[in-house]
Amino acid sequence: MGEKLRVFIKNLNPYSCAILCHHNADPDAICSAYALSKLIKKLLNHKVEVRIIAPEGISLPSRRLIECISEINIYDDFDESDLIFMVDTCTFIQLGTLCERIKSCNIPIIVIDHHTPHSDILEKASLLIIDENASSTSEIICNIFNELGFKIEEKIAFALLIGIIYDSRRFINVSSRTFRIVSNLIDAGANYSEALKLLYIPMDISERIARLKAAQRLKIHRVNNWIIITSHVSSFEASAARALIDLGADVAFVAGGNKSKLRISARSRSSFYNQTKIHLGKDLMEEIGARINGAGGGHATAAGANGIGDPEEVLELCVKLLVEKLGQNN
Ligand SMILES: [Mn+2]
């Protein structure tokens, strides 16, 4: 992959490059774009201008990131250039306001991504560097540095580490290959705890209070060996339900809003779903939604319903329904 990229860039010999990120660019997009900008400069013998462009802005964690790595400059508009890169972006639609312009331009486009490319990209791109087994686009950029024998400097290593941590959601579902790359980045000077600190976004005080109130008001229902928790808050019910799972519940139902605008948030531990096969969306919240003159649904372990009703009564109904489902399982 690295060699193909090197040959392509050397042959084209661009004097200006644009690296496009998807709209609301996340740390993986920003960090891979930053490292790629350094790589392009290493590949060419002359001075090349490289601009990182994030149409429609960047995400909150990305904003914290560029405050910390002050070298990263982000532009929001596209100027003519000799070569376009698209990183972490698998369809032109993700380019937001730049979509049509890029789609119809005559500039060569190189796509570097870890998502399955959309057909519009397959048709238009001059070179595709796709690795769907990679944890992140940052991981692919690391591989390219290594394949081409370029040293990864401390700042670049730090950025790439952040991209990998962010996209792998702190190393959930990664291969041994990712760990080897991360170990090399840390050896190159990237500070792991600094990277974690940078990605940590403190929770808003009202959300923390909602979580604490949910804990203060919780009711414990023990069914077989399952711990089912109900509680109510005025807002942040989804966050509160997640917090109750962290506290030790197997299933948590938290009501939010009020009688005329009731919201129920349901969460379960994945072990609960694996053992009982009770799908919170299909088996519970769809029915709860219908019973409270509203609608409900969601995923197996995270679901919700909206409607009308007394919070306490509806929570009781949730537990009753769940107990029935558990009974059917026995
Ligand atoms: Mn990504």
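Student: What spacing do the donors of the manganese ion follow along the chain?

Tutor: Keep in mind that this is a predicted model. The spacing of the manganese donors is D-x59-D-x25-H-x52-D. Put residue names to the letters: Asp28, Asp88, His114 and Asp167. The aspartates donate through OD, and His114 through NE2. These protein donors lie 2.0 to 2.4 Å from the ion.

Student: Where in the fold do His114 and Asp167 sit?

Tutor: This pair links distant parts of the chain, 53 residues apart. His114 is in the loop between strand S5 (109-113) and helix H5 (119-124). Asp167 belongs to helix H7 (residues 154-167).

Student: Are His114 and Asp167 buried or partly exposed?

Tutor: The cut-off for buried is under 20% relative accessible area. His114 has 12%, so it is buried. Asp167 has 22%, so it counts as partly exposed.

Student: Next, the core. Which residues touch the most other members of the largest nonpolar core?

Tutor: Start with the general idea. In soluble globular proteins, nonpolar side chains tend to be buried together. Here the largest nonpolar core has 57 residues. Leu5, Ile9, Leu36, Ile40, Phe85, Ile112 and Leu185 touch the most other members. Helix H2 (residues 27-43) gives the most to this core, with ten residues. There is also a second, separate core of 26 residues, and Val223, Leu317, Val319 and Leu326 are among them.

Student: Take Phe85. What does Phe85 touch?

Tutor: Place it first: Phe85 is in strand S4 (residues 83-87). Its relative accessible area is 0%, so Phe85 is buried. Leave out residues up to four places away in sequence, and Phe85 touches Leu5, Ile9, Cys17, Ala18, Ile19, Leu20, Leu36, Ile40, Ile110 and Ile112.

Student: How far is Phe85 from Val323?

Tutor: In sequence, Phe85 and Val323 are 238 residues apart. In space, the distance is 54 Å, C-alpha to C-alpha.

Student: Now a sheet. What is the strand order in the open sheet of six strands?

Tutor: The order is S7-S8-S9-S10-S12-S11, and the pairing is mixed. To find the edges, look for strands that pair on one side only: strand S7 (219-223) and S11. Neighbouring strands are turned by 15° against each other on average, direction ignored.

Student: How many bridges join strand S11 to strand S12?

Tutor: Four bridges join S11 (residues 295-298) to S12 (residues 302-307), and the two strands run antiparallel. They form a hairpin with three residues between them. Check the register with two pairs. Ala295 stands opposite Asn306 in S12. Gly297 stands opposite Gly304 in S12.

Student: Which helix packs on the sheet, touching S9, S10, S11 and S12?

Tutor: Helix H13 does, and its direction makes about 10° with that of S12.

Student: Which residues of helix H13 are buried?

Tutor: Think about helix geometry first. An α-helix has 3.6 residues a turn, so residues three or four places apart point the same way. Now the case here. In H13 (residues 280-291), the buried residues are Leu280, Gly281, Leu284, Met285, Ile288 and Gly289. Seen down the axis of H13, these buried residues fall within an arc of 125°, so they line one face of the helix. Lys282 and Ala290, on the other side of H13, are exposed.

Student: What covers the buried residues of H13?

Tutor: The cover includes strand S9 (251-258), strand S10 (261-268), S11, S12 and helix H14 (311-329).

Student: Last topic, backbone angles. Which residue just after H13 takes a positive phi?

Tutor: The general rule comes first. Most residues other than glycine have a negative phi. Just after H13, Asn293 takes a positive phi of about 55°.

Student: Where does Asn13 lie, and what is the phi of Asn13?

Tutor: Asn13 lies in the loop between helix H1 (2-12) and strand S1 (16-20). Its phi is positive, about 50°, although it is not a glycine. With a relative accessible area of 32%, Asn13 is partly exposed.

Student: And where does Phe236 lie?

Tutor: Phe236 lies in the loop between strand S8 (226-232) and helix H11 (237-247). Phi of Phe236 is near 60°, a positive value in a residue other than glycine. At 33% relative accessibility, Phe236 counts as partly exposed.

Conventions. Residues numbered from 1 in each chain as written. Predicted model: local features only at pLDDT ≥ 70, side-chain atom pairs only at ≥ 80, totals over all residues. Heavy atoms only, no water. Pairing = 2+ DSSP bridges. Buried < 20%, exposed > 50% of the residue type's maximum accessible area, 1.4 Å probe, protein only. Contact = heavy atoms within 4.5 Å. Arc of directions from axis to C-beta. Donors = N, O, S within 2.8 Å, 3.2 Å for Na, K, Ca; no water. Core = buried A, V, L, I, M, F, W, Y, C linked by side-chain atoms within 4.5 Å. Axes fitted to C-alpha atoms, helices over the stretch in contact; angles between N-to-C directions.
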